[in-house]
Amino acid sequence: MWSTAREIAAGDTVIIWLTRELVQPLVVTPGKDFNSKFGNYRHSDFVGMPYGSKVGSRTGKGFIHVLRPTPELWTLALPHRTQILYIADISLIISYLDIRRGSRVIEAGTGSGSFSHSVARSIGSSGHLWSYEFHEARAKKAKEEFAQHGMSDIVTLTHQNVCKDGFNLTDTVDSVFLDLPAPWDAVEHAKQALRKDRTTRICCFSPCMEQVLRTVSALNDAGFSDITMYETLVRPQDVSPIPVLQSINDVADKLKKAEGIREIKRLRQIAAGQRHNSNNNNDPHGEKRKRTSSDGEQEVPLVADGEDSGNGKRLKTDDEDMMDDVLEDSAAPAATPAKISLSKTIPEVRGHTSYLTFATLLPSMPIPPAAPTAAQGASPS
Ligand code: SAM
């Protein structure tokens, strides 16, 4: 599949990566230009460049990346002729159907060939994919693409209505994937095409629940078991590094101190209020007095060291001294800076495509008779 050479050659299919949302395939054809809002490029300039190169525009504005195709990139870039399968579903189907090197697989319909490319890579040249498409123009175009991408030996594409005519294979296969409007009509044909000497699997891809229910009934009637439906939903995680200027312990200490400061401020306000009252009352004795705070929580002394020192300056209370210490500490440089990653799940669940109904077909080999027990007259050894 595709070129494995390090450098791009004339005639290669490459993937032009413009932005995350703008990815497109290109057959490198010297003599042609590639124009986009990210500038102008000559195809001939790509020839000889290593795959993955970042190429600057000839007009000096913008750049593109020229990538080697993979099934994942092809799925992002391919020309749509139908709705297609995306990688989240493709990967689940391939793994659940146990598609691997050497597997023999049926797919219907071919559509735009998105699923076909991933299957072809998974099964390699020792496996085979039989792909069916009843829309003639789509079948022809997909056949051309498979040939262009070096997949002709791995994929056999047949223009056929599988619901009506089945798969007509002399070989049997390990798994079947149906992406059709009426998969239930092809279930019996699929059963016939699956090998009977080992456990095999089928998957049907349908966008609505009514179709799923009809498919489940057809699978039950045909003798499939372990019928399970999945829906693949994409939940992006947003992970971003955030700098932490101090350790958790430092932060905890500071919070404790801040709490202390708040308490001290509260006490100071109470003390100030008391002083004000005592001045107004013109207390002749200058005694230490006690006062209950407005919320009734605590009694605090009206301390003499908070009163005038005699030189016009008020002496600091013990509490105020303590608060100064705390404030000084808080202004000290932070502990060794660290970095942590913060991950949040983006709640929006986007992209329901279809429901995936999987089922298993158990081998229909004759079960060997159980060995007779001693009670049934087996001769003792
Ligand atoms: N899985 C494909 C992909 O990833 O690109 C997309 C398949 S597309 C949604 C469904 C295709 O099935 C269409 O191209 C349609 O023409 C084809 N189709 C529908 N009924 C069919 C039938 N009875 N036999 C063969 N092909 C059929």
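A salt bridge is taken here as a side-chain nitrogen of Lys or Arg within 4 Å of a carboxyl oxygen of Asp or Glu. With that criterion, a search of the whole structure, which is a predicted model, finds 12 salt bridges.

One of these bridges pairs the side chains of R6 and E7, with an N to O distance of 3.0 Å. R6 is exposed, its relative accessible area being 57%, while E7 is partly exposed at 34%. A further bridge is formed by the side chains of E72 and R121, at 2.7 Å from N to O. Because E72 belongs to helix 2 (residues 71-77) and R121 to helix 4, this pair ties together parts that lie 49 residues apart in sequence. Both ends of the bridge can be placed with respect to the surface: E72 counts as partly exposed at 31% relative accessibility, and R121 counts as partly exposed at 36%.

The bridge between R195 and D174 has a different setting, for both residues are buried. Their closest N and O atoms are 2.7 Å apart. R195 sits in the loop between helix 7 (187-193) and strand 11 (200-206), and D174 in the loop between helix 6 (162-165) and strand 10 (175-178), so the pair links parts that are 21 residues apart in sequence. Through salt bridges with shared partners, D174, R195, D197 and R198 are joined into one network.

Helix 4, already met through R121, deserves a closer look. This helix spans residues 114-123, and 9 of its 10 residues are buried, so helix 4 is largely enclosed by the rest of the structure. The buried residues are S114, F115, S116, H117, S118, V119, A120, S122 and I123. R121, in turn, is partly exposed, with a relative accessibility of 36%. After helix 4 comes G124, which has a positive phi near 65°.

Attention now turns to the nonpolar interior. In soluble globular proteins, nonpolar side chains tend to be buried together. The largest nonpolar core in this model has 25 residues, and the members that touch the most others are I106, F167, V176, L178, I202 and F224. Two or more residues each are contributed by strand 7 (104-108), strand 8 (128-133), strand 10, helix 7, strand 11, helix 8 (209-221) and strand 17 (355-361). Helix 7 gives the largest share of this core, with 3 residues.

Some nonpolar side chains are found on the outside as well. M209, L213 and M229 make up a nonpolar surface patch, and together they have about 260 Å² of accessible area. Within this patch, M229 is located in strand 12 (residues 225-231). M229 counts as partly exposed because its relative accessibility is 33%.

The ligand site completes the picture. There are 22 residues around the ligand, of which E133, R138, N161, V162 and D179 come nearest. Among the polar contacts, a polar side-chain atom of N161 is 2.8 Å from a ligand nitrogen. Backbone atoms also take part: a backbone N or O atom of S112 lies 3.2 Å from an oxygen atom of the ligand, and a polar backbone atom of Q160 is 3.4 Å from a nitrogen atom of the ligand. The ligand taken alone exposes 600 Å², and 91% of that is buried by the protein.

Conventions: Residues are numbered from 1 along each chain as its sequence is written. This is a predicted model: local features need pLDDT of at least 70, side-chain atom pairs count only at pLDDT 80 or more; totals for chains, interfaces and linings use all residues. Side-chain values use heavy atoms; hydrogens and water are left out. Patches are made of residues with over 30% relative accessible area and no salt bridge: like charges are joined within 9 Å, nonpolar side chains (Val, Leu, Ile, Met, Phe, Trp, Tyr) within 5 Å. Accessible areas come from the Shrake-Rupley method with a 1.4 Å probe; for residues, only the protein chains shown count as cover. Helices (H or I, at least four residues) and strands (E, at least two) are DSSP runs, numbered from the N terminus. Buried means under 20% relative accessible area, exposed over 50%, partly exposed in between (1.4 Å probe, protein chains only). A residue is near a molecule or strand if one of its heavy atoms lies within 4 Å of it. A polar contact is a pair of N or O atoms within 3.5 Å; within protein, one must be able to donate a hydrogen and the other to accept it, and residues adjacent in sequence count only if both atoms are side-chain atoms. A nonpolar core is a set of buried Ala, Val, Leu, Ile, Met, Phe, Trp, Tyr and Cys residues joined through side-chain atoms within 4.5 Å.
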